[in-house]
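User: I am new to this structure and would like a close look at a single part of it. Please take me through how one pair of helices meets, and then set that part in its wider setting.

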Amino acid sequence: MAITSNAVSALISGEYRSEFGLKIPEWRVMAVLGDAGSLTQRDLVQATVMDKVAVNRACKVLEERDLIQRSPNELDGRSHHLELTAAGLDLHRKIWPQAVSIYEKIFTAISPREQAKLRVILDKLLKAARELEGDEK
């Protein structure tokens, strides 16, 4: 799984790194914020399945490039909400179709039925990993 995941990430990141100057963690944060909207950094850690340090670094780079912005979290004064800026939304709209196109090309290697099975299996594995992670804490 790790090898396949790295191969897919490397393939896609080659596209947006050279054209848009984004590394894998930065694009993952942008992709999640583009899909989910405003999230806290803790939410991003869970959604991206990246460690806190990687999410923090990616957010700092994106904020410096004016692609994301922070706003106070009214429910928790210790955290902030992060969301894409207008420039971030524009960049997301440019990258997203390219990323989807690459995924679609990769998924032609398996049938639609196999794709559906794979999604179910991956969801089960992710759930199991998150449950085990909870056991370790």
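Analyst: What follows looks at one pair of helices, then at the protein as a whole, and then at two other places in the chain.

The model is a predicted one, and the part chosen here is the meeting of helix H1, which covers residues 2-20, with helix H2, which covers residues 24-36. Two packed helices are described by the angle between their axes and the distance between the axes. For H1 and H2, the axes come within 10 Å and cross at roughly 85 degrees. Angles of 65 to 115 degrees count as roughly perpendicular, and H1 and H2 are therefore described as roughly perpendicular to each other.

On the H1 side, the residues that take part in the meeting are Ser-9, Ser-13, Tyr-16 and Arg-17, while H2 contributes Ile-24, Trp-27 and Arg-28. Among these, Ser-9 deserves a separate look: this residue lies in helix H1, and, once its neighbours within four places in sequence are left aside, Ser-9 is in contact with Ile-24 and Arg-28. Ser-9 counts as buried because its relative accessibility is 15%, and the cut-off for buried is under 20%.

As for the wider setting, the protein holds 6 helices and 3 strands, and from the N terminus on the elements follow the order α-α-β-α-α-β-β-α-α. The C-alpha trace spans about 45 × 40 × 20 Å along its principal axes, and buried residues make up 28% of the 137 residues. Of the contacts with a separation of 6 or more, 51% are between residues 24 or more positions apart.

Two other places can be set beside the buried Ser-9. Ala-87 is found in helix H5, which covers residues 86-107, and with a relative accessible area of 38% this residue is partly exposed. Not counting residues up to four places away in sequence, Ala-87 touches Asp-66 and Leu-67, whereas the C-alpha atoms of Ala-87 and Asp-76, 11 residues apart along the chain, are separated by 27 Å.

Ile-121, in turn, belongs to helix H6, residues 112-136, and counts as partly exposed at 46% relative accessibility. Together with Met-1, Leu-122 and Leu-125, Ile-121 makes a nonpolar surface patch of about 410 Å². The protein exposes about 9500 Å² in total, and carbon and sulfur atoms supply 55% of that area.

Notes
Residues numbered from 1 in each chain as written. Predicted model: local features only at pLDDT ≥ 70, side-chain atom pairs only at ≥ 80, totals over all residues. Heavy atoms only, no water. Patch = residues over 30% accessible without salt bridge, like charges linked within 9 Å, V, L, I, M, F, W, Y side chains within 5 Å. Areas by Shrake-Rupley, 256 points an atom, 1.4 Å probe, with all protein chains shown as cover. Salt bridge = Lys/Arg side-chain N within 4 Å of Asp/Glu carboxyl O. Helix = DSSP H or I, 4+ residues; strand = E, 2+ residues; numbered from the N terminus. Buried < 20%, exposed > 50% of the residue type's maximum accessible area, 1.4 Å probe, protein only. Axes fitted to C-alpha atoms, helices over the stretch in contact; angles between N-to-C directions. Parallel < 35°, antiparallel > 145°, perpendicular 65-115°, else oblique. Contact = heavy atoms within 4.5 Å.
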